[in-house]
Amino acid sequence: MEAAAARPVIRVAAICGSLRKASYNGGLLRAAAEVCEESIPGLRVEHVDISGLPLLNTDLETDGGFPPAVEAFRDKIRQADCFLFGSPEYNYSIATPLKNALDWASRGKNCWADKPAAIVSSGGGFGGGRSQYHLRQVGVFLDLHFINKPELFIKAFEQPPKFDSNGNLIDVEIRERIKQVLLSLQAFTLRLQKKD
């Protein structure tokens, strides 16, 4: 019992690729934070807001530094033990805000390197699956280590409704699937930390 209590809390930085207030992908990340609080000891999900990041422009880098919003974002990424991405699909790819965030945190010393990650997505016919596969491809260069299973693609527009009008998840089965993603991310993170 004492060993379990002494185990440090794994910090999950949750990053939503959509800036829309009622984003279904944001709803998945909010549900993930709730699931951790309710039933996964040792795992804490914290939302990292990317809405204030300027578009990537290396002219904004001065004297080896970054704009204040970018520096603050990079600090949060460095402090995280792992990542949970809520990745909407735009035109078969990653949403621009998410790609912008990935790029800013990879400039100079890559803040993403050698850390585990998981992806959840919600969208149209394929549930955001193509964005997940593209994010995994980008993650190769960033040296992110994605869990392979389980995958979570939510077909948001099929009945019955999965989200309320504020983008909050209301589907109990999907909530349980999010829990399985989080448990896999937790186990993978612990495994990688043991190798250090």
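**Close-up views of a predicted model**

**View 1. The largest cavity holds about 40 Å³ of space.** The model is predicted, so to speak, by record: local features need pLDDT of at least 70, side-chain atom pairs count only at pLDDT 80 or more, and totals for chains, interfaces and linings use all residues.

Conventions:
Residues numbered from 1 in each chain as written. Heavy atoms only, no water. 1 Å grid on protein atoms, 1.4 Å probe; cavity = no way out; pocket = protein on both sides within 12 Å on 5 of 7 lines; lining within 4 Å. Points joined across faces, edges and corners; volume = space filled by probe spheres on them.
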